[in-house]
Amino acid sequence: MNTLIDFHSVDKSFHKGKQSVRAVVDANLTVKKGSVVGLVGESGSGKSTLGKMLIGLEMPSEGSIHFEGTPLWKKKKFMRPRPGDIQTVFQDPQSSLDPRMRVKEIILEPLLALGSRERKEKGGRERLTSLMKRVGLKAEHLDRYPHEFSGGQRQRIAIARALITDPSFIVLDEPTSALDVSVQAQVLNLLKELKNERNLTYLFISHNMSVIRYMCDVIAVMYKGRIVESGPARELFESPRHPYTKILLSSLPSIFREKGPVLSFAPPSEMETGEEACGFFDRCPFRMEACLKAPAFEAITEEHGVACYREG
Amino acid sequence: MVLVLKDLCVDFTGMRGKVRALNNVSLSIEKGEVLGVVGESGSGKSVTALSILGLLGSNANISNGEISYSGQNLLTLGPKEMQSLRGKKIGMVFQEPMTALHPTMKVGNQLAEVIKRHRSVSKRQACKLAIEALKEVHIHDPELVAKKYPFELSGGMRQRIVIALAMSAPPDLLIADEPTTALDVTIQKEILQLIKELNDRRGTSVLLITHDLGVVSNVCDRVMVMYAGEVVEEGITEAVLNAPSHPYTEALLHALPDLADPGEPLKAIPGEVPDLQNRPAGCAFASRCPKAMDICGVSAPALELVSTNRSAACWLRRDTH
């Protein structure tokens, strides 16, 4: 499989006055064509920021992001590859659809970024109705407003909007977190089918480990802006290496998980930690003195890597 | 029994007419028991909690049924009597810890205020008890945290403080409505452990409302599954989750991605929850039910005992009884 996206030592800091926060620290990640890469981590870990840098909403402070071999950001400008080639579906379909636009206008809006010929070609009535049907909506829904739909239906509208430009890559930022379990299953099935039909590549951002396990081929775990572990989904679930990944997996309130020994965060450390220390030091149950200098991210196997001294 | 609901019906009057939000809901909680109420949005979980607390809006009407707390019928109480019950006898924890706390008041003072009101102690003593209460919800360095404002604390810390507030009276019954939904999984686990621990140590009964079956399996003794404003199944948690009696419970469990093979599609429940304005004549789940029979579309089954400790509202279970 070819590499579609390549993050190379990407940093992102946000500033406010003299304060600054490093939302993403030295992120390295490759997304292969046709795969689903999952990003997990707690709120504020930098998952969404990473996704936003791909769609042009945030600019990386350092490092480079390549899409099909060409840099996405050049001299502080977002270099759109082919308009509409990268699309996104957000978490809350309540706020991501303009309440004053009809469904038809919402779905067709991304085409405004395209040239007039392509716009006509892709925005044809026939194509629009078949797309509506494909995502599980009806043609007569086109003239309605978002408030007339349920949460699941609205997310289907958002998916149709992402697909209208025929993208090759979609950032899915918590696409089912606002949905009920039964509807979540419908939407996940749809996303999986669409991926296979259209040979799409997904970056799937979620805090729900069960959803990630079901959807993704590769998983990257983030903690305080750093990717602390990444690897093939199955391997990561069966033998997690980083203490944070282990805690994350053992906190899953899954009904089917065997109730084995549960790993928890350590009480905050009394030790002085500097900038240099591992980001997880304060809560790590296995911390040691060496961790006061952060470990580098190292490969264990070709695909599985971790940033921890105990495993590296 | 700490709390008993019998055939409770709640109607809401809106612009498009009347909607029945709860239809003959019955439940009971024993002393020291944790009862989980699960269901999807619109199933009536939160309305159940609000009606117990007497916090339904003016557009709601309890048209039938009884709510009795320690033998006392709550529906006959006036607003003042309800007020003295809330917080003191029945504690509450809601989903969003930020909106439940006073934003411009230090958390220690908020706690002390509540303690002073419920326990008739001096101000100084209330402050001391507030620190104790913070310790009890496992807050390190309670003296420091007591001097902070809610916005200075993380979501998990805030929810701990809300729990400390709810438990300060101390109540006999704690109603927790999606207490961990706004929190990260790792924090969620800690909060659930805390609720379970307080339940163990103090014998407080808990009504835990959630949409997450995983949460139920971790902390609840018994579980009640709601669908479209009705109770469809009720029983011991482990038994219900391992061998559900109602097709809806079964479908809900199968729709979870937890155990699914990534190569297979998830078993989604087709269709959507019926419009409560036009409640179908028969069973509310019939149109989505893979096992629906002719009778299901005509007549709604009542919740009945199907085996020891297990009730279900399903025609399929009638023969086995």
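## Polar links in chain A

In this predicted model, three residue pairs make polar contact between domain 1 of chain A and domain 2 of chain A. On the domain 1 side, helix H7 (209-215) and strand S11 (218-223) of chain A each bring at least two residues to the meeting place. S11(A) gives the most, with three residues. Sorted by class, that side of domain 1 has four nonpolar, two polar and two charged residues.

There's also one salt bridge between these two domains. Look for the side chains of A:Arg283 and A:Glu42, which pair up in a salt bridge at 3.4 Å, N to O.

## How chain A's domains meet

Where do the domains run? Domain 1 of chain A covers 3-223, and domain 2 covers 241-306. Their C-alpha centres sit 29 Å apart, and eight residues from domain 1 touch nine residues from domain 2.

Together the two domains of chain A bury about 760 Å², with carbon and sulfur atoms giving 66% of it. A trio stands out here: A:Met209, A:Val221 and A:Tyr223 supply 69% of what domain 1 buries against domain 2, more than any other three residues.

## Over to chain B

Chain B is split up as domain 1 (3-89 + 169-317) and domain 2 (98-168). Here 19 residues of domain 1 are in contact with 13 residues of domain 2, and the buried area is about 1,500 Å², 59% of it from carbon and sulfur atoms.

Between these domains of chain B you'll find seven residue pairs in polar contact and three salt bridges. B:Arg160 and B:Glu190 have side chains that meet in a salt bridge at 3.1 Å, N to O. Helix H8 (residues 185-202) of chain B gives the most to the domain 1 side, with nine residues.

Note on methods: Residues are numbered from 1 along each chain as its sequence is written. Chains are lettered from A and ligands numbered from 1 in the order in which they are written. This is a predicted model: local features need pLDDT of at least 70, side-chain atom pairs count only at pLDDT 80 or more; totals for chains, interfaces and linings use all residues. Side-chain values use heavy atoms; hydrogens and water are left out. Domain bounds come from an automatic or database domain assignment. Contact means heavy atoms within 4.5 Å. Buried area is the accessible area (1.4 Å probe) that two parts lose on being put together, summed over both. A salt bridge is a side-chain nitrogen of Lys or Arg within 4 Å of a carboxyl oxygen of Asp or Glu. A polar contact is a pair of N or O atoms within 3.5 Å; within protein, one must be able to donate a hydrogen and the other to accept it, and residues adjacent in sequence count only if both atoms are side-chain atoms. Helices (H or I, at least four residues) and strands (E, at least two) are DSSP runs, numbered from the N terminus. Ala, Val, Leu, Ile, Met, Phe, Trp, Tyr, Cys and Pro count as nonpolar, Asp, Glu, Lys and Arg as charged, and the others, Gly among them, as polar.
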